[in-house]
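Here is a quick walk through a few spots in this model. Have the structure open as you read.

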Amino acid sequence: MITIKNESQIEKMRKAGALLHSVLEALRKEIEPGVTTLHLDHMAERLIREGGGIPSSKGYEGFPFSICASVDDQVVHGFPDKTKLRKGQLLSVDCTCLLDGWQSDSAFSVVVGGGNAEAQKLVDATERCFWLGAQQAVAGNRLGDIGHAVQAYAESLGYGVVRDLCGHGIGTEMHEDPNVPNYGNPGRGVRLQKGMTITIEPMISMGTWKVYCEDNNWTIVTRDGSPSSHYEHTLLITDGEPELLSWPGKRVSEVLK
Ligand code: MF3
Ligand code: CO
Ligand code: CO
């Protein structure tokens, strides 16, 4: 069931998104060679709790951590651990936060310590996929318009669009209807309405879009071992450009100008 959020509910989602954004920005600054993803996980949990929130990924269907930390060929749902990050690795950090009963969900990818132009190009392209998808996330458009925009750009660069996982509706639950695929046909699928809250979260691989799940039953990895990047925000559908609930004040039109 797709739910339309009212103004007071949206205001709570803004607050959850603002907290999550501040946490992710703090994590981003912390990332450098030698840091462990478990350290980032502990930091995320501490900052979310200090902000009055709950790290809602921890315990979600048994997931043991507050962030997903996915390195290189890990696409999503990587387990944080004590391994030191190395220069040139591609790290994706995905985090959810529950505040006053409302969820926010956001992810970013970085090249640890820089110096890996190929991976940086993938990271930049994945972000651009997100913005192009977000540009289509307008009341009256359909989900296929979002998916098509993401897919067309990624595939124009020769990248693979992971299909096994999608964006999603979000509200009091982390995952609500509808599914928001990163592929599709313009004019097809569910029509977007003002007051819907969804995530757009392209997962883009340098090689194949085909993936498998690791033995931990969580972590999704590319079948060909190629690096993969992830970028995500929580959005509110309006009559104009979407409001980025997990990035206060950021405008799609400013990025794509
Ligand atoms: N943040 C993920 C998403 O984008 C879901 C995380 S699964 C969890 O949908 F188990 F880590 F919570
Ligand atoms: Co997420
Ligand atoms: Co999500």
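## Salt bridges

Lys250 and Glu254 pair up through their side chains in a salt bridge, at 3.2 Å from N to O. Glu254 counts as partly exposed, with 37% relative accessibility. Bear in mind that this is a predicted model, so the distances here and below are computed from predicted coordinates. The count of salt bridges comes to 12. As a general point, side chains of opposite charge can pair when their charged atoms come close.

Which residues are linked in a network of salt bridges? They are Glu7, Glu11, Arg14 and Glu243. Take Arg14 as the place to start looking. Its salt bridge with Glu7 has the closest N and O atoms 3.0 Å apart, and in its salt bridge with Glu11 the closest N and O atoms are 2.8 Å apart. Glu11 and Arg14 both sit in helix H1 (residues 7–30), and because they are 3 residues apart there, about one helical turn separates them. As for exposure, Arg14 is partly exposed at a relative accessible area of 23%, and Glu11 is partly exposed too, at 33%.

## The cobalt site

Now over to the metal. What are the protein donors of the cobalt ion (ligand 3)? They are Asp105 through OD, His168 through NE2, and Glu201 and Glu232 through OE, lying 2.0 to 2.1 Å from the ion. Along the sequence, the donor residues follow the spacing D-x62-H-x32-E-x30-E. His168 belongs to strand S6 (residues 167–169), while Glu201 is in the loop between strand S8 (197–200) and strand S9 (203–205), so this pair ties together parts that are 33 residues apart in sequence. Both His168 and Glu201 are buried.

The cobalt ion (ligand 3) has 6 donor atoms, and the angles among them run from 52 to 167 degrees, making the site irregular. For reference, ideal angles for six octahedral donors are 90 or 180 degrees. There is also a neighbouring metal to look at: the cobalt ion (ligand 2) is 3.3 Å from the cobalt ion (ligand 3), and Asp105 coordinates both.

## Asp145, a buried acid

Asp145 is found in helix H4 (residues 143–156). Which side chain of opposite charge is nearest to this buried residue? That would be Arg142, but at 6.2 Å away, and Asp145 has no salt bridge. The cut-off for a salt bridge is 4 Å between a side-chain nitrogen of Lys or Arg and a carboxyl oxygen of Asp or Glu.

What the Asp145 side chain does reach is backbone. It gets to the backbone nitrogen of Arg142 at 2.7 Å, and to the backbone nitrogen of Gly187 at 2.9 Å. Leaving aside neighbours within four places in sequence, Asp145 is in contact with Gln136, Asn185, Pro186 and Gly187.

## Gly189 and its partners

Where does Gly189 lie? Look in the loop between strand S7 (176–180) and S8. Gly189 is partly exposed, with a relative accessible area of 45%. Setting aside neighbours within four places in sequence, Gly189 is in contact with Arg142 and Leu143. Gly189 and Asn141 are 48 residues apart along the chain, and 9.3 Å separates their C-alpha atoms.

Arg142 is worth a second look here. Gly189 is in contact with Arg142, and the backbone nitrogen of Arg142 is also what the Asp145 side chain reaches at 2.7 Å.

How values were computed. Residues are numbered from 1 along each chain as its sequence is written. Chains are lettered from A and ligands numbered from 1 in the order in which they are written. This is a predicted model: local features need pLDDT of at least 70, side-chain atom pairs count only at pLDDT 80 or more; totals for chains, interfaces and linings use all residues. Side-chain values use heavy atoms; hydrogens and water are left out. Donors are N, O and S atoms within 2.8 Å of the metal (3.2 Å for Na, K and Ca); water is not among the atoms, so sites may look incomplete. Four donors count as tetrahedral if all angles lie between 85 and 135 degrees; four count as square planar and six as octahedral if opposite donors are over 155 degrees apart and all others between 65 and 115; anything else is irregular. Helices (H or I, at least four residues) and strands (E, at least two) are DSSP runs, numbered from the N terminus. Buried means under 20% relative accessible area, exposed over 50%, partly exposed in between (1.4 Å probe, protein chains only). Lys and Arg count as positive and Asp and Glu as negative; His and the chain ends are not counted. A polar contact is a pair of N or O atoms within 3.5 Å; within protein, one must be able to donate a hydrogen and the other to accept it, and residues adjacent in sequence count only if both atoms are side-chain atoms. Contact means heavy atoms within 4.5 Å.
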